[in-house]
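Q: Got a minute to go through this one with me? I'd like to talk about the ligand site and then the fold.

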Amino acid sequence: MNAVTSPARPLVDTFGRHISYLRISVTDRCDFRCVYCMAEDMTFLPKKDVLSFEEIEAIAGAFIARGVTKIRLTGGEPLVRRDIMELVTTLGGRIGHGLDELTLTTNGSQLRRHAQGLADAGVRRLNVSLDTLDAERFRAITRRGRIADVLDGIDAAQAAGLAIKINMVAMRGVNDDEIEPMMAWAHGRGMGLTLIEGMPLGEVGIDRVDSYLPLRELHDLLARRYTLSKLDKRTGGPARYVHVAETNGVLGFITPMSHNFCESCNRVRLTAAGQLYLCLGQDDQVNLRDALRDGGPAALDAALDHAMLIKPKGHDFVIDRSRPEPALGRHMSVTGG
Ligand code: SAM
Ligand code: SF4
């Protein structure tokens, strides 16, 4: 039973939405440069600007005290941050003491060496990002990754008992011919597959208009070939899930562009530099690092109250020829997706 069942002052925004889910980008750095996520040349944060583990723990603790029950570590690539398992172990210690779930989104490149440690720390599920099963295509999409490392990491994670969901950014003309093979592969190994629509965040390496693939279209195509039944699995986020009878697996659709999910939004995002973004698609933010460094725990708590006052109603992403520029200047690796 959760030790903190009803916090004294839950985090509720001005639209009545309860915030129960915190995503923490532990680093903006990454060993890949995926074409839809980063530019080839990226300027990363100076070390002094990055939150220390103690600061992340203090901020996570403040959120847990106010009713956050789920934390996801992301990035950049979370597993490239030095000594990351120290943070995972400390946060894992909060599971059952306010926190229900600690999870991670990873590119899988470092998964083999961390899989058992993650399981030992209390992590039960991981999202692994993988857009193709073809080694050369993988290299081209990530600009530098080796697919063998990721597949090996997935083996290790499954051997450690971690449940895995594969996240695949669906891109027209890039990997749209692999959706069915990826589904057969993932479902055949007992893993879910979630398809993601590309979002216009930051200047990157592909033409977003050409590669944009509306998932509604894809869903309808798949529905003609497979028996899809809607699952009532709500995450408070943009994902919708179906069960695929033929492969006996779960297929997810993350459709920020073509579906409005904002009314049920339950999440906020902390960057590696301590800015709390209130919406993936808007610039509204509160600087929790400064609040904590300058004013301590009381200022941090007050900053959370302020954040609830400014959380926007929703995003207004658009991808079309009349607006080819990114909706936001910041890259996905800043807020962690
Ligand atoms: N490095 C880790 C990874 O790749 O899983 C975690 C961070 S990454 C930013 C989180 C997720 O965001 C990945 O699944 C990635 O495919 C997705 N992503 C990155 N840029 C995106 C974009 N512009 N549109 C949609 N998804 C994006
Ligand atoms: Fe790195 Fe993940 Fe962005 Fe790819 S999607 S560049 S792995 S942060």
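A: Sure, here is a quick run through the ligand site and the chain; keep in mind that this is a predicted model.

Q: Which residues come nearest to ligand 1?
A: There are 19 residues around ligand 1, and the nearest are Y36, G76, T105, S129 and M199.

Q: What does S129 do there, in terms of polar atoms?
A: A polar side-chain atom of S129 sits 2.5 Å from an oxygen atom of ligand 1.

Q: And which backbone atoms should I look at?
A: Look at G76, where a polar backbone atom is 3.0 Å from a nitrogen atom of ligand 1. Then there's T106, with a backbone N or O atom 3.2 Å from an oxygen atom of the ligand.

Q: How much of the ligand does the protein cover?
A: The protein covers 95% of the 540 Å² of accessible area that ligand 1 has on its own.

Q: Which elements give two or more residues to that shell?
A: Those are β3 (101-106), β5 (163-170) and β6 (192-197).

Q: What's the class mix in the shell?
A: Around ligand 1 you get 10 polar residues, six nonpolar and three charged.

Q: OK, switching to the whole chain. How many helices and strands?
A: The chain has 10 helices and 12 strands.

Q: What share of residues is buried?
A: Of the 337 residues in the chain, 57% are buried.

Q: And the surface, what does the chain expose?
A: About 14,400 Å², with carbon and sulfur atoms supplying 51% of that.

Q: Last one: of the contacts between residues at least 6 apart in sequence, what share joins residues at least 24 apart?
A: That share is 73%.

Technical notes
Residues numbered from 1 in each chain as written. Chains lettered and ligands numbered in written order. Predicted model: local features only at pLDDT ≥ 70, side-chain atom pairs only at ≥ 80, totals over all residues. Heavy atoms only, no water. Helix = DSSP H or I, 4+ residues; strand = E, 2+ residues; numbered from the N terminus. Buried < 20%, exposed > 50% of the residue type's maximum accessible area, 1.4 Å probe, protein only. Contact = heavy atoms within 4.5 Å. Areas by Shrake-Rupley, 256 points an atom, 1.4 Å probe, with all protein chains shown as cover. Near = heavy atom within 4 Å. Polar contact = N/O pair within 3.5 Å; in protein donor to acceptor, adjacent residues only side chain to side chain. Nonpolar A, V, L, I, M, F, W, Y, C, P; charged D, E, K, R; others polar.
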